Every structure is written in structure tokens, then in C-alpha cells.
Amino acid sequence: MSERADDRARVSMLVRVPPAVAFCAFTEDVDQWWRRGRKYRVAGKHRSIVRIEGGVGGRLFESFETSTGTKVHETGKITAWDPPSRLAFEWRSPNYAADEKTFVEVLFEESASGTLVTVTHSGWSAIRPDHPARHGEEAGAFLRRMGLWWADQMTSLRLHVEPA
Amino acid sequence: MQPSLDETFLALGDPARLAVIRLLRKKPRRSSDIASALSLSRPTASRHLGVLRRAGLVEETTSEDDARGREYRLRPQPFARMRTWLDEVEAFWGDQLGSFKAHVETKYGAARRP
């Protein structure tokens, strides 16, 4: 009943290329495969570029042009950079409080037919209800909104991906 | 009345309480057993159990064949609701990885297939 008593989400996907190729494409080509649109990118319907800077301390960020100049949303810093097997970075959505963050780890494991890519997104329990209060929003509403945001994202992603 | 999802996360946002949950996944236990298993003082264990109980994550039950005391056990409902939340996060990454797979195999994969 409680297979998941911690706060991790984990997803694996087999890709039919070697780990070194998968690692390079995941990081260098991130803008090419990261889903587009309001649900996935801060820039919404405007053009934006998602980038991962190589190496520990590098950033995962999105940049886009506005009428007042170039805006950058930094999703987080790279905390582990071990090509071709492991990558980790912090994850902050724009609606997080300044000191809130979650954590993403990506593993690239060689398999007979390519590379098993596993994403683990953890730290959800640290998004505490007293922080959203600073956004002038009730904690429950904040979390519901986050949940809806993800759910929305899923649906539109699935519609986008499945016909392919 | 169900505790909200944020209460669930708040209650779990503590290593000692997560340890209590992991312990109770195996079987229901008395407060004193939980304290000794986790090297906590009894008042500390009681305090954590109180937070978990108010969040609806655990409940007390009177053990029928043992008059020595009440046991704590997990309540399944909040875990199911958190599971839904994590399912959504997993679906997000599943779809992102689906997009990544399509990209990497199209750009780099075809020529490498045996």
C-alpha cells in the first residue's frame, strides 16, 4: 500500500544509442528535444532557448527575448557531471520561493541494445507550506496548482508525443 | 476529513519521520519499539508520531492479543494521494524522455542499428 513512502519520482527509458551519445545529446541538444510551449517553458509561446552548461556549477536555464531585453530563468545548477554515466542538477520552477528547490538525477546505463536513461526527481517534501504563504497564496492552493501544472503538462505532452 | 497533500509532505519533510514510515511499512509497532529501533528518546518518538497521526499518515490501533499498548500502523489513503502526485511528475519526465528518445534515435541512432 505504501510502496513509495519517500518523495521520489523515477522514470526510465531505453534509447538505442551508446551512453556517450545519449549523454551528449541530452545535454548539448537539450533545446532540440525539450518540449515547447507554455506548459514546458517559462517563455510560453515566445521563442526561447533551453541550455545546459557543461560541468559542475554550470546552469540549466532558459533564455528568451522580451520588450525589456533578454530574460533568463535559471532552473538550477549542475551538481554532478560525470559523462557518460551521470548528470545531476537542481530544479526550481518559477513559482518556487527563493530557497526552495528539488533535485534531478539522470543516469545513463549501458545496455545490450543501447542506453537506459533514468531520471529521478526528488525533494518534493522540502517544498514546505510555509513558503507558498510568501507568495500570498494558501499552501494547499499552491500545491494543487503545482499538481495541476504537472497534470496539464502531461496531457499536452502525451498528445504531442503519441502520434509520432 | 482528509489532511491536505501539503500536510502530508510537511509531515514527511523530516528524516526521523521518514524513518518511522519506513519502519512501519514492515509491520505495525508500538511507540516504544519505534523509539528503540530508531535510537530516539520516547518523547521525541511520540512527538514525531503525533505529527504523522495528525497528518493522517499513521493511526493508533489497540492490539487485541497484547494489553501492553497501542500499536501504530500506516494509513494507506495519503500515500495513494501522494502517489498520484509523483505519478504526475513521472509522467512529465516520461514524456520528456520520450521526446529525447525520438530526438536522439533520429539524429544519431539509425545508422548505428545493426
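## Cores, sheet and helix packing in a predicted two-chain model

In the largest nonpolar core of this predicted model, which has 27 residues, the members that touch the most others are A:A22, A:F26, A:V106, A:V117, B:W93 and B:V104. A nonpolar core is here a set of buried Ala, Val, Leu, Ile, Met, Phe, Trp, Tyr and Cys residues joined through C-beta atoms within 7 Å, and a residue is buried if 20 or more other C-beta atoms lie within 10 Å of its own, exposed if 12 or fewer, and partly exposed in between, with C-beta atoms placed from the backbone. At least two residues of this core come from each of β1 (9-15), α1 (19-28), β2 (48-52), β5 (86-91), β6 (102-111) and β7 (114-122) of chain A and from α5 (76-109) of chain B, where helices (H or I, at least four residues) and strands (E, at least two) are DSSP runs numbered from the N terminus. The largest share, 6 residues, is supplied by α5(B). A second, separate core of 18 residues has B:L24, B:I34, B:A45 and B:Y72 among its members. In soluble globular proteins, nonpolar side chains tend to be buried together.

Within the largest core, A:V106 is in contact with A:F26, A:L87, A:V117 and A:V119, leaving aside its neighbours within four places in sequence; contact requires C-beta atoms, placed from the backbone, within 7 Å.

Residues are numbered from 1 along each chain as its sequence is written, while chains are lettered from A and ligands numbered from 1 in the order in which they are written. Since the model is predicted, local features need pLDDT of at least 70 and side-chain atom pairs count only at pLDDT 80 or more, whereas totals for chains, interfaces and linings use all residues.

In chain A, 7 strands form an open sheet in the order β1-β7-β6-β5-β4-β3-β2, with antiparallel pairing; two strands pair if DSSP finds at least two bridges between them. The edges are held by β1 and β2 of chain A, each with a single partner strand, so one side of each is left without a neighbour in the sheet. Neighbouring strands are turned by 20 degrees against each other on average, direction ignored. Strands β3 (residues 59-66) and β4 (residues 69-82) of chain A pair in the antiparallel sense over 8 bridges, and A:L60 has A:G76 of β4(A) as its bridge partner. Helix α1(A) lies across β1, β2, β5, β6 and β7 of chain A and runs at about 150 degrees to β6(A); axes are lines fitted to C-alpha atoms, for helices over the stretch in contact, and angles run from 0 to 180 degrees between N-to-C directions.

Chain B contains 5 helices and 3 strands, which follow the pattern α-α-β-α-α-β-β-α along the sequence. Of its 114 residues, 38% count as buried. The axes of α2 (residues 15-26) and α4 (residues 42-54) of chain B come within 10 Å and cross at roughly 75 degrees. These two helices, α2(B) and α4(B), are therefore roughly perpendicular to each other, a term that covers angles of 65 to 115 degrees. Their contact involves B:A16, B:R17 and B:V20 of α2(B), together with B:H48, B:L49, B:V51 and B:L52 of α4(B).

Two backbone features lie in loops.

| Feature | Backbone value | Location |
|---|---|---|
| A:P83 to A:P84, cis peptide bond | omega near 5 degrees | A:P84 in the loop between β4 and β5 of chain A |
| B:S39, residue other than glycine | positive phi, near 55 degrees | loop between α3 (31-37) and α4 of chain B |

B:S39 is exposed, with 10 other C-beta atoms within 10 Å.

Terms used
Two residues are in contact if their C-beta atoms, placed from the backbone, lie within 7 Å. Angles under 35 degrees count as roughly parallel, over 145 as roughly antiparallel, 65 to 115 as roughly perpendicular and the rest as oblique.
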